[in-house]
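This report asks how a fold and the side chains within it are arranged, moving from individual residues to the strands that carry them. The sequence and the model are shown here for reference.

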Amino acid sequence: MKDMTSPPRKRLQDLVGEWKGTGTVAIAGEQFPITVRWSFESIAAGYGVRAQAEIAGIPGMEHFVDVEQFGYDDADQQIHAGTVCNAGEVHHMVGGWFDDNLRVEDTRELLEVRLIAPDELQLHVVNKGGGPVFDVALQRVRMDSGLESGARHP
């Protein structure tokens with residue numbers, strides 16, 4: 001789908017915009033339907049994106065909110081993601097692009113974003129050690145320019 005010669009930091013900009021979708025969360029062998037809204041904005045002159053995910057339908061939680069920041073580090077040539085959520089978890093995940101898949105992980109969580117088309121992506125999150133597994137299909141509902149947060153597009 002994507003020109004693989006594009007720098008990994010620029011590929012993060014493909015996520016900018018607002019996404020909505022549905023999917024499932026698997027908890028203790030049972031699957032539950034969820035709805036997801038995931039909004040991305042460009043930050044740091046295009047070296048990163050800041051996102052907020054809001055999920056409804058997780059048993060025992062009225063509303064789940066996860067704030068993420070993804071950035072490209074020139075020194076180690078990797079994507080870093082820092083996350084914090086209202087379930088009391090903080091993660092620093094590291095990874096990169098593998099074809100059309102962004103994959104970052106730490107010892108407790110794996111997050112994969114697969115770009116299916118410019119306005120379609122798949123999200124797969126595994127909480128390691130038997131925790132919840134999320135599978136979500138998302139559609140872009142709005143494209144943000146990113147200019148208001150400092151990104152410059154020639």
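In what follows, a residue is called buried if its relative accessible area is under 20%, exposed if that area is over 50%, and partly exposed in between. The model is a predicted one, and every value below is computed from it.

With that cut-off in hand, R140 can be placed: its relative accessibility is 15%, and therefore it counts as buried. R140 belongs to strand β10, which covers residues 133-142. Its side chain makes a polar contact of 2.8 Å with the side chain of D119, and it also reaches the backbone oxygen of P118 at 2.6 Å. Apart from residues up to four places away in sequence, R140 touches P118 and D119 together with the run D14, L15, V16, G17, E18 and W19.

N127, found in strand β9 (residues 120-127), is likewise a buried polar residue to consider, because its relative accessibility is 11%. The side chain of N127 reaches the backbone oxygen of P132 at 2.9 Å. When neighbours within four places in sequence are left aside, the residues in contact with N127 are E89, R108, E109, P132 and F134.

The strands that hold these two residues are part of a closed barrel of 10 strands, which runs in order from β1 to β10 with antiparallel pairing. On average, and with direction ignored, neighbouring strands of this sheet are turned by 25° against each other. Some of the pairings can be set side by side:

| Strand pair | Sense | Bridges | A bridge pair |
|---|---|---|---|
| β3 (residues 48-56) and β4 | antiparallel | eight | A53 with D66 |
| β4 and β5 (residues 78-85) | antiparallel | eight | E68 with T83 |
| β7 (residues 101-105) and β8 (residues 109-117) | antiparallel | five | E105 with L110 |

Which side chains of β4 are buried, and which are not? Along this strand (residues 64-73) the side chains alternate, so that F64, D66, E68, F70 and Y72 point to one face and are buried, whereas V65, V67, Q69, G71 and D73 point to the other face and are not. D66, on the buried face, stands opposite A53 of β3, while E68, also on the buried face, has T83 in β5 as its bridge partner.

Strands β4 and β5 form a hairpin with four residues between them, and within that hairpin Q77 takes a positive phi near 55°.

Definitions and conventions. Residues are numbered from 1 along each chain as its sequence is written. This is a predicted model: local features need pLDDT of at least 70, side-chain atom pairs count only at pLDDT 80 or more; totals for chains, interfaces and linings use all residues. Side-chain values use heavy atoms; hydrogens and water are left out. Two strands pair if DSSP finds at least two bridges between them. Axes are lines fitted to C-alpha atoms, for helices over the stretch in contact, and angles run from 0 to 180 degrees between N-to-C directions. Buried means under 20% relative accessible area, exposed over 50%, partly exposed in between (1.4 Å probe, protein chains only). A polar contact is a pair of N or O atoms within 3.5 Å; within protein, one must be able to donate a hydrogen and the other to accept it, and residues adjacent in sequence count only if both atoms are side-chain atoms. Contact means heavy atoms within 4.5 Å.
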